[in-house]
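Here's a quick briefing to read with the structure open beside you. Have a look at the fold first, then work through the points below.

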Amino acid sequence: TTVVVATGNPGKLTELKGYLQELDWQLALKPEAIEVEETGDTFIANARLKASEVAIATQQWAIADDSGLQVDALDGAPGIYSARYGSSDADRIGRVLRELGERQDRGAQFVCAIALARPDGTIALETTGICPGEILYQPQGDKGFGYDPIFYLPSHDKTFAEMSPAEKERYSHRGIAFEQLMPALRRLDLS
Ligand code: ITT
C-alpha cells in the first residue's frame, strides 16, 4: 500500500521520510497540483485538513504535518501562520528577530501536529509534539530548514540548525510527535 506524504516543504519531507523509513511503506510524493487551503485555526486542524484532502484527491493513505513556531513575547506568533510570515526563510527569521528586538523574554516553542488519513479521508491517527526553547538574537548554524537557525535548545547549547540530522530528528517537536506515534504506526494495518 502506498502512503502519500502530503507536504510541499522539502525540509519537512526529508525529515518525515526519515521517521517513516523503518516502516515498510511505499511512500509517494504529493502531486503538486493538489493544494490544500489551510483554513483551520489550530495546528492539528490544519494537519487533518491536509491529510484528508490529499487522501481523497489521490484515493490513497496520506500523512500530513502542520507545524510552526510560537514565540511567547509575541503572544504565540507566528504560530499557525509560520509559513505565511514572509516570502523566504530569511525573511521570516528577520521578521521574528525584528519583532522581538532586544526583549529579554525569548521563550518559544516549536509545535508539530501529524495526521494520517485513510483513502476515504477519515483520520486514522493523529498527535502533536511540542519542543520548548529560546529565540537567539542572531541566526546560528546552517543545517535544517525554516526557523532552525534562531531556535536554541539550552539543554544542548545548540540551535536546531547546529544539530546533526539525527540529533534534530530525536529532540525536535517532530521527533516528539513521532515518538508518540511510532508504536501505533507500527501496528497499523494499511490494507
Ligand atoms: P506544507 O503545508 O506543504 O507541509 P508548509 O511549509 O506550508 O508546507 P506549514 O504550513 O506547516 O508547512 O508551515 C510550517 C512553517 O513552520 C514553515 O515556515 C516551516 O519553515 C516552519 N517549520 C516547521 N517545522 C520546522 C522545523 O522543524 N524547523 C524550522 N522551521 C520549521
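The protein has 5 helices and 7 strands, and keep in mind that this is a predicted model. Reading from the N terminus, the order is β-α-β-α-β-α-β-β-β-β-α-α. Much of what follows centres on strand 3, which is where Asp-66 is found.

**Overall build**

- A compact globule of 191 residues would have a radius of gyration near 16 Å, and the protein comes in at 16 Å, so the two agree.
- Laid along its principal axes, the C-alpha trace spans about 55 × 30 × 25 Å.
- Of the 191 residues in the protein, 37% are buried.
- If you take the contacts between residues at least 6 apart in sequence, 60% of them join residues at least 24 apart.

**Strand 3 and its partners**

- Strand 3 covers residues 61-71, and 11 of its 11 residues are buried.
- One set of its side chains, namely Trp-61, Ile-63, Asp-65, Ser-67, Leu-69 and Val-71, points one way. Ala-62, Ala-64, Asp-66, Gly-68 and Gln-70 point the other way, and both sets are buried.
- Strand 1 (residues 2-5) runs parallel to strand 3, and 3 bridges join the two. In this pairing, Val-3 stands opposite Trp-61.
- Strand 4 (residues 107-117) runs antiparallel to strand 3, with 10 bridges between them. Here Ser-67 of strand 3 sits opposite Cys-112.

**The annotated residue, Asp-66**

- Which residue does the UniProt annotation "active site" cover? In the unreviewed entry, that annotation falls on Asp-66.
- Is Asp-66 buried or exposed? Asp-66 is buried, because 28 other C-beta atoms lie within 10 Å and the cut-off for buried is 20 or more.
- Leaving out residues up to four places away in sequence, Asp-66 touches Phe-43, Asn-46, Ala-47, Lys-50 and Ala-113.
- To place some of those contacts, helix 2 spans 43-58, while strand 4 spans residues 107-117.

**Backbone oddities worth a look**

- As background, most residues other than glycine have a negative phi, and most peptide bonds are trans.
- Gln-59 has a positive phi of about 55°, though it isn't a glycine. You'll find Gln-59 in the loop between helix 2 and strand 3.
- Gln-59 counts as exposed because it has 11 C-beta neighbours inside 10 Å, and 12 or fewer is the cut-off for exposed.
- Asp-75 is another non-glycine residue with a positive phi, near 55°. Asp-75 lies in the loop between strand 3 and helix 3.
- With 8 other C-beta atoms within 10 Å, Asp-75 is exposed.
- Where does Pro-78 sit? Pro-78 is in the loop between strand 3 and helix 3, with helix 3 covering 89-100.
- The peptide bond leading from Ala-77 into Pro-78 is cis, with omega near -5°.

**To take away**

- Strand 3 is buried in 11 of its 11 residues, and strand 3 is joined to strand 1 in parallel and to strand 4 in antiparallel fashion.
- Asp-66, the residue under the "active site" annotation in the unreviewed UniProt entry, is buried.
- The loop between strand 3 and helix 3 holds Asp-75 as well as Pro-78.

How values were computed: Residues numbered from 1 in each chain as written. Predicted model: local features only at pLDDT ≥ 70, side-chain atom pairs only at ≥ 80, totals over all residues. Helix = DSSP H or I, 4+ residues; strand = E, 2+ residues; numbered from the N terminus. Rg over C-alpha atoms; globule rule 2.2 N^0.38 Å. Contact = placed C-beta atoms within 7 Å. Pairing = 2+ DSSP bridges. UniProt positions renumbered as here; feature names shortened; annotations may be inferred.
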